[in-house]
Amino acid sequence: MSAAAATPVSANISPWYVPAEEEPHIRTFMQWPVSLRVYGFGGFLSDVQDTIAEIANTISEFEPVIMLADEGDHAAARRQLSTDVALWPVPTEDLWARDSGPLFASDDLGEQRIQSLNFNGWGNKQVHRRDGQIAARVAEILELDLAVSPITGEPGGIEQDGHGNLIAHESSWIIDNRNPGMSKASVTEALLHAYGADRLVWAPGVRELDITDYHIDSLARFTGPGRILINLPDEPIPGEPYHEAALETHDILKAAGFDIEVIPEPNRRRVRSEDFVASYVNYYVCNGAVIAAQFGDQATDEIAADALARHYPGREIVMLNADNLGEIGGGIHCATQQQPVP
């Protein structure tokens, strides 16, 4: 098959699977945000770029980082990036590499390919003329095959442990803005195929209150085979949609037999707005380190760091101020995508 050939996923018969994030990486991919249609003409875009540069520079101390950006944006990006961060000429609009970047799968023969989940701007809620092409462009540069899934969605909307287990919110997948007319069974089958898994545990989630329709990677993360770290409020507010959905997800995952540890959300964070995403579990695991957010609450910041150190022994825990990402609905995990060693 020719490099970067787009073939229906059903045509592939090899046992492709997406490795767990904590497995060794070749490199990390990130995206340089530039779209004024997304960020407007105020100064917030430069604040977000500062945060993305800091995350990239930090990860580059542990493994190679590729920043994807239009060639015309390279000079501006280079002024903020470490010399250890490479720039590739792949045009971008926004920064969410977890969702629009390349999703890598491996097989038992040591081969690798890129999976396309047909990113459509979270249900056509945001411009994605460039971001929707990133997976294919990276496949072409790396001379890897591109397997196109029959479903539409984002890798941030699914969590896998690399050992056959997937968890997800129905609200991000079984929804007309991604997969109109598709049954839950069909979406399940396609996701199991794309990730090389044999079990998907669904929880309802929350529809249409945020751009992602409640991606699970800001609530619960696999930290090992069948082991989950989940971030819950100490005092859930009755009737608050995300609090109620989070508790429901916890109960469903617990009933499914997963080993779950709960850590609290921050109580005294720097940013107080109601729609701010304050997730300790939206961290990124790279070679030798875990890059996570701290929110200015000394007590819960320490609880989160201690939990991450237990779940990822032998890795350095690096806590960054990523408030600019929380203000736009995401975090460090959302801004990164790994290329595992096949």
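A cavity, on a 1 Å grid over the protein atoms alone, is a set of points where a 1.4 Å probe fits but cannot get out, and a lining residue has an atom within 4 Å of a point. With that term in place, I turn to the structure above. It is a predicted model, in which local features need pLDDT of at least 70 and side-chain atom pairs count only at pLDDT 80 or more, while totals for chains, interfaces and linings use all residues. Residues are numbered from 1 along each chain as its sequence is written, and side-chain values use heavy atoms, with hydrogens and water left out.

I begin with the enclosed spaces. Two cavities of 30 Å³ or more are found in a search of the whole structure; a volume here is the space filled by probe spheres set on the points, with grid points joined across faces, edges and corners. The second largest has a volume of about 60 Å³. Its lining consists of V277, S279, N282, A293, F295, A322, L325, G326, G330, G331 and I332. Six of these residues are nonpolar, five are polar and none is charged. In this classification Ala, Val, Leu, Ile, Met, Phe, Trp, Tyr, Cys and Pro are nonpolar, Asp, Glu, Lys and Arg are charged, and the others, including Gly, are polar.

The largest cavity holds about 130 Å³ of space. Of its 16 lining residues, E21, R98, E159, Q160 and Q338 are the closest to its centre. By class, the lining has seven nonpolar, four polar and five charged residues. Strand β8 supplies the largest share, three residues. Strands (E, at least two residues) and helices (H or I, at least four) are DSSP runs numbered from the N terminus.

Next comes the largest pocket, a pocket being an open set of points with protein on both sides within 12 Å along at least five of seven lines. Its volume is about 1,000 Å³. Among its 33 lining residues, Y242, E265, E274, F276 and V277 lie nearest the centre. V277 also appears in the lining of the second largest cavity. The pocket lining comprises 14 nonpolar, eight polar and 11 charged residues. Which element gives the largest share of this lining? Helix α8, residues 241-255, does so with three residues.

Helix α8 leads us to a sheet. Strands β11, β12 and β13 form an open sheet in that order, with mixed pairing; two strands pair if DSSP finds at least two bridges between them. Strands β12 (227-232) and β13 (259-264) run parallel and are joined by six bridges. The chain passes from β12 through α8 to β13 in a right-handed β-α-β crossover, that is, the path from the first strand over the helix to the second runs clockwise with the strands pointing away from the viewer. Within this pair, N231 has I263 as its bridge partner, and L232 stands opposite P264. Helix α8 packs on the sheet, touching β11, β12 and β13, and its direction makes about 160° with that of β12. Contact means heavy atoms within 4.5 Å; axes are lines fitted to C-alpha atoms, for helices over the stretch in contact, and angles run from 0 to 180 degrees between N-to-C directions. Helix α9, residues 298-311, touches these three strands too, at about 155° to β13.

I close with another open sheet, of four strands, in the order β4-β3-β2-β17 with mixed pairing. Its edge strands are β4 and β17.
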